[in-house]
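Open the model in your viewer and colour it by secondary structure. The stops below move from the whole chain to a few selections.

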Amino acid sequence: MRYFLTTIIWILFLPNELFGWGFFAHRKINRQAVYSLPPEMIGFFKYHINYITENAVNPDRRRYAVLGEAEKHFIDIDAFGDSAVFKLPRYWHQALEVYSEEELRRKGIGPWNVYLTQLKLTEAFKKKDVKAILRLAADLGHYIGDMNVPLHTTKNYNGQLTNQYGIHGFWESRIPELLAEEYDFFVGKAMYLERPQYHIWEAVEQAHAALDSVLHFEIIVSNRFSEDKKYSYEERNGINTRVYSMEFTKAYHDLLDGQVERQMKRAIKMAADFWYTAWVNAGQPDLNGLVNIQMELPEEKFEYKEPLDVREHEGFSSKREDSNLRQAFLAAIWRRPSTY
Ligand SMILES: [Zn+2]
């Protein structure tokens, strides 16, 4: 009971790393992508850079409120059989000819959803609909970010099948938060993509190829550390919380040899490329003229009685304490002020 109460208290001060790339990384990816845009776009995006940054995390919160949202954040490539990453149909309508929609949604629709969001953004640019442009650009940056995370491309998304439980948040949240300050996020100018759908699948191929190192290196480093050296305790909002120790994090990070930085940079570049491509395909509308239009940008509000029972990126095991943790986690999401 004491553990449960402690968990509740801790979870009510929900740390950011319980979501997606982690709130830190998603925000960073969207923000940095703005700086790669061409002169015709950068004024508008810079003017709204705080919106693009803060709303980078909305899709993860939406997962608990909107049916059909959760599966947009991942694809369990290995649930589709051998070499599926090379064989899966690149277009949604082609995929529906081979698989039922139910099966696709169960195993994740990440890459197809990126392209769909790209098309919606193109439409928003055509209409010069400022609210839609900003919302969809922020969403698109998030979904592209997720597709560059190796653990978003596997059914073993939290190491739960290989006894590496917790690795998801470790890789995509703990590492960037501790070590991203050293990263060089310069990615160069946005490029036009002839076939964006193929680019997002390349990202999935690449992320999935990196999965072996993500999992294998964690085992190698774990063998070098005793339990009490692998983890440490940090005070968060007055609560002692178990985390991966700095020493363990650095050792793993060294072995990964820049992998997290590379993946973040790919995501940044790709977000800028996709925004730019949508704008070009929309006929290069004048965005500078939209900057001075005064308007209230609405905060996304989610109305739901209780959070949907969707897959956590980070997963919760069936162990009793984790099931308590999950309940507390969901309660916290539910109680979160509806500012998103
Ligand atoms: Zn996500």
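**The whole protein**

Start with everything shown: this predicted model has a secondary structure of 17 helices and two strands. The protein has 340 residues, and 41% of them count as buried. Of the contacts between residues at least 6 apart in sequence, 79% join residues at least 24 apart.

**The two strands**

Select residues 231-236, which form strand β1. How many of its six residues are buried? The number is zero, so β1 lies largely in the open.

Now add β2, residues 239-244. β1 and β2 pair in the antiparallel sense, with six bridges between them. To see one pair of facing residues, pick Tyr231, which stands opposite Tyr244 in β2. Then go to the turn of this hairpin: two residues lie between the strands, and Asn237 takes a positive phi near 50°.

**Helix α14**

Next select residues 246-256, helix α14. Which of its residues are buried? They are Phe248, Thr249, Tyr252, His253 and Leu256. Turn the view to look down the axis of α14: the buried residues fall within an arc of 130°, so they line one face of the helix.

To see what covers these buried residues, show the surrounding elements, including α11 (167-179), α12 (196-224) and α13 (227-230). Strand β2, from the previous stop, is also part of this cover, as is α15 (259-281).

Finish just after α14, at Asp257, where phi is positive at about 55°.

Technical notes: Residues numbered from 1 in each chain as written. Predicted model: local features only at pLDDT ≥ 70, side-chain atom pairs only at ≥ 80, totals over all residues. Buried ≥ 20, exposed ≤ 12 C-beta atoms within 10 Å, placed from the backbone. Helix = DSSP H or I, 4+ residues; strand = E, 2+ residues; numbered from the N terminus. Arc of directions from axis to C-beta. Contact = placed C-beta atoms within 7 Å. Pairing = 2+ DSSP bridges.
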